[in-house]
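Open the model in your viewer and keep the sequence panel beside it. The stops below are meant to be selected in order.

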Amino acid sequence: MPKRTSQRTLGVLAALVSLGLPAAAQSSAESQLVARLNDVRGQGVSCPGSGKRPVAGRLTYTPELAAAARVQAGYMSSTGRISHTGAGGSTPRVRAASTGVNAVSVTEIIFMGGGVNPESAIRWWLNSAVHCFWMNEARYTNVGAAVVQGSRGTAYVMVLSSQPR
């Protein structure tokens with residue numbers, strides 16, 4: 001990414017954070033998402049298209065990944081766009097890096113719904129081949145979650161990362 005675009009993207013991310021999406025303590029809905037994801041990873045699961053996934057280790061919650069998730073959830077809930085591309089063209093890796101995460105692997109799982117119902121997001125992800133696969137990928141060891149209600153719906157975002165470089 002050219003330096004100018006990178007600076008603009010980080011500026012947009014900083015602006016979103018300053019507009020009411022600060023790093024905050026986990027909400028009950030966010031805690032539920034992380035707990036349910038860890039339950040799923042601890043049981044192993046059959047994913048559509050890829051079959052039985054092995055048991056994966058528990059994820060450790062990190063506020064940095066939660067801040068990255070909160071930025072994208074805020075963007076999605078205010079724009080109604082269900083996308084991994086965020087404000088200014090940002091990507092999950094760029095958003096994670098903007099919070100200080102420097103990991104080999106970063107992925108993001110997203111969902112939009114009405115109201116706050118973390119279980120509906122988990123069920124949808126488990127019925128999606130690609131989301132189910134990444135939820136249960138053993139290389140990921142850290143997680144952050146955000147649930148943000150906005151004018152265009154409720155966005156659920158989880159950002160997963162491997163160990164730092």
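Of the 165 residues in this predicted model, 48% are buried. Colour the surface by element: the accessible area is about 7600 Å², and carbon and sulfur atoms account for 56% of that area.

Next, switch to a cartoon view. The protein has 6 helices and 6 strands. Following the chain from the N terminus, the elements come in the order α-α-β-β-β-α-α-β-α-α-β-β. Among contacts with a separation of 6 or more, 70% are between residues 24 or more positions apart.

**Stop 1: strand β6**

Select residues 153-161, which form β6. Is this strand enclosed or not? Of its 9 residues, 9 are buried, so β6 is largely enclosed by the rest of the structure.

Now add the strands that pair with β6. Show β4, residues 106-113; β4 and β6 are antiparallel, with 8 bridges between them. To find one of these bridges, pick I109, whose partner in β6 is M158. Then show β5, residues 142-150. The pairing of β5 with β6 is also antiparallel and has 9 bridges. One of the bridges links N142 to S161 of β6. Follow the chain from β5 into β6 and you pass through a hairpin of 2 residues.

**Stop 2: helix α5**

Select residues 118-126, helix α5, and display the side chains of P118, S120, A121, I122, W125 and L126, which are its buried residues. Which elements do they pack against? The list is α2 (28-43), β1 (45-47), β4, α6 (129-135) and β6.

**Stop 3: the nonpolar cores**

Keep α5 on screen and bring up the side chains of L33, W125, M158 and L160. These have the most contacts inside the largest nonpolar core, a set of 23 residues. At least two residues of this core come from each of α2, β1, β4, α5, α6, β5 and β6. The biggest contributor is α2, with 5 residues. M158 was met at the first stop as the bridge partner of I109, and W125 at the second as a buried residue of α5.

Centre the view on L33. What does L33 touch, leaving aside residues up to four places away in sequence? Its contacts are P118, A121, I122, W125, A145, V147, Y156 and M158. Of these, P118, A121, I122 and W125 are buried residues of α5.

Apart from this core lies another one, of 16 residues. To locate it, select A103, V148, A155 and V157, which are among its members.

**Stop 4: the disulfide**

Finally, select the cysteines C47 and C132. The model contains 1 disulfide, and these two residues form it, with their sulfur atoms 2.0 Å apart. The torsion about the S-S bond is -75°, and the link is left-handed. What does the pair tie together? C47 is in strand β1 and C132 in helix α6, so the link joins parts that lie 85 residues apart in sequence.

Are the two ends buried or exposed? C47 has a relative accessible area of 5% and is buried. C132, at 0%, is buried too. Show β1 and α6 together with α5 to end the tour: both are among the elements that the buried residues of α5 pack against.

Conventions. Residues numbered from 1 in each chain as written. Predicted model: local features only at pLDDT ≥ 70, side-chain atom pairs only at ≥ 80, totals over all residues. Heavy atoms only, no water. Buried < 20%, exposed > 50% of the residue type's maximum accessible area, 1.4 Å probe, protein only. Helix = DSSP H or I, 4+ residues; strand = E, 2+ residues; numbered from the N terminus. Contact = heavy atoms within 4.5 Å. Core = buried A, V, L, I, M, F, W, Y, C linked by side-chain atoms within 4.5 Å. Pairing = 2+ DSSP bridges. Areas by Shrake-Rupley, 256 points an atom, 1.4 Å probe, with all protein chains shown as cover. Disulfide = S-S within 2.5 Å.
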